[in-house]
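This note is addressed to a colleague who meets the structure for the first time. It proceeds by numbered points, each devoted to one topic.

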Amino acid sequence: MAERREDQESDDDTYEVVDLTDYARRHQWWSRVFGNNSGPIAEKYSVATQIMMGGVTGWCAGYLFQRVGKIAATAVGGGFLLLQIANHSGYVQVDWKKVEKDVNKAKKHLKKKANKAAPEINSFIEESTEFVKRNIVLSSGFVGGFLLGLAS
């Protein structure tokens with residue numbers, strides 16, 4: 001009887017308890033499908049994974065850009081149409097000399113501000129260009145997905 005208990009205990013020792021949540025965190029589904037590379041951050045994922053991730057995020061951004069763009073164009077166009085109808089009906093009188101004066105004043109103000117902001121914009125453009133160069137596969141997937149999102 002004592003021998004039987006020892007056999008049961010040795011059988012229990014051979015089984016390993018696996019925490020499924022921990023296993024799922026360590027083994028993502030895309031790693032099983034596309035493979036998992038180690039190395040620098042730009043090469044952390046395989047080419048297929050980078051293209052897929054870039055394409056999906058690009059499609060989402062393009063789709064949202066398209067929807068928001070349509071809504072904004074409709075609002076601006078509709079507002080402009082209503083203002084033109086109101087102007088021709090006599091409800092609104094536009095002082096075009098004052099409009100021209102205000103536009104010229106705004107142009108001067110924008111030029112002054114643009115000259116001050118130029119170094120910040122140039123550094124942002126340089127950082128963006130460097131990111132695209134380092135992650136060309138991800139970026140090309142994003143661009144392709146963005147264009148598909150605009151088209152859908």
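1. With which residue does R134 form a salt bridge, and how far apart are the closest N and O atoms? The partner is E130, and the closest N and O atoms are 3.9 Å apart. The model is a predicted one, and the structure holds 1 salt bridge.

2. The setting of this salt bridge is local. R134 and E130 both belong to helix α5, which covers residues 96-134. They are 4 residues apart, about one turn of the helix. As for solvent exposure, E130 has a relative accessible area of 41% and is partly exposed, because that value falls between the 20% limit for buried and the 50% limit for exposed residues.

3. The overall make-up of the chain may be stated next. It contains 6 helices and 0 strands, and the order of elements from the N terminus is α-α-α-α-α-α. The chain has 152 residues, of which 10% count as buried. Among contacts between residues at least 6 apart in sequence, 63% join residues that are at least 24 apart.

4. How many aromatic pairs does a search of the whole structure find? The search finds 3 aromatic pairs. One of them joins F65 and F146: the ring centres are 5.8 Å apart and the planes stand at 50°, so this pair is tilted. The pair links distant parts of the chain, since F65 lies in helix α4 (residues 47-89) and F146 in helix α6 (residues 136-151), 81 residues apart.

5. The two partners fall into separate accessibility classes. F65 counts as exposed, at 54% relative accessibility, whereas F146 counts as partly exposed, at 23%. The ring of F146 also pairs with that of F142; here the centres are 6.2 Å apart and the planes at 20°, so the pair is stacked. F142 and F146 are separated by about one helical turn, because they are 4 residues apart in helix α6. F142 is itself partly exposed, with a relative accessible area of 34%. Taken together, ring pairs link F65, F142 and F146 into a cluster.

6. The helices that carry this cluster deserve a separate remark. Two packed helices are described by the angle between their axes and the distance between the axes. The axes of α4 and α6 come within 6 Å and cross at roughly 35°, and the crossing is right-handed. Which kinds of residue make up the contact of α4 with α6? The residues of this contact divide into 13 nonpolar, 10 polar and no charged.

7. V137 offers one view of the relation between sequence and space. V137 is placed in helix α6 and is partly exposed, with a relative accessible area of 23%. V137 and T49 are 88 residues apart in sequence, yet their C-alpha atoms are 9.6 Å apart in space. When neighbours within four places in sequence are left aside, V137 is in contact with V47, Q50 and I51.

8. Y63 offers a second view, this time from helix α4, where the residue lies. What distance separates the C-alpha atoms of Y63 and G145? The separation is 9.3 Å, although the two residues are 82 apart along the chain. Leaving aside neighbours within four places in sequence, Y63 is in contact with G149, L150 and S152. Y63 has a relative accessible area of 29% and is partly exposed, because that value is neither under 20% nor over 50%.

9. In summary, the reader may keep two features in view. The salt bridge of R134 with E130 lies within helix α5, whereas the ring pair of F65 and F146 links helix α4 with helix α6. The axes of α4 and α6 cross at roughly 35°.

How values were computed:
Residues numbered from 1 in each chain as written. Predicted model: local features only at pLDDT ≥ 70, side-chain atom pairs only at ≥ 80, totals over all residues. Heavy atoms only, no water. Salt bridge = Lys/Arg side-chain N within 4 Å of Asp/Glu carboxyl O. Helix = DSSP H or I, 4+ residues; strand = E, 2+ residues; numbered from the N terminus. Buried < 20%, exposed > 50% of the residue type's maximum accessible area, 1.4 Å probe, protein only. Phe/Tyr/Trp six-rings, centres within 6.5 Å; stacked < 30°, edge-to-face > 60°. Axes fitted to C-alpha atoms, helices over the stretch in contact; angles between N-to-C directions. Left-handed = near helix turned anticlockwise from the far one by under 90°. Nonpolar A, V, L, I, M, F, W, Y, C, P; charged D, E, K, R; others polar. Contact = heavy atoms within 4.5 Å.
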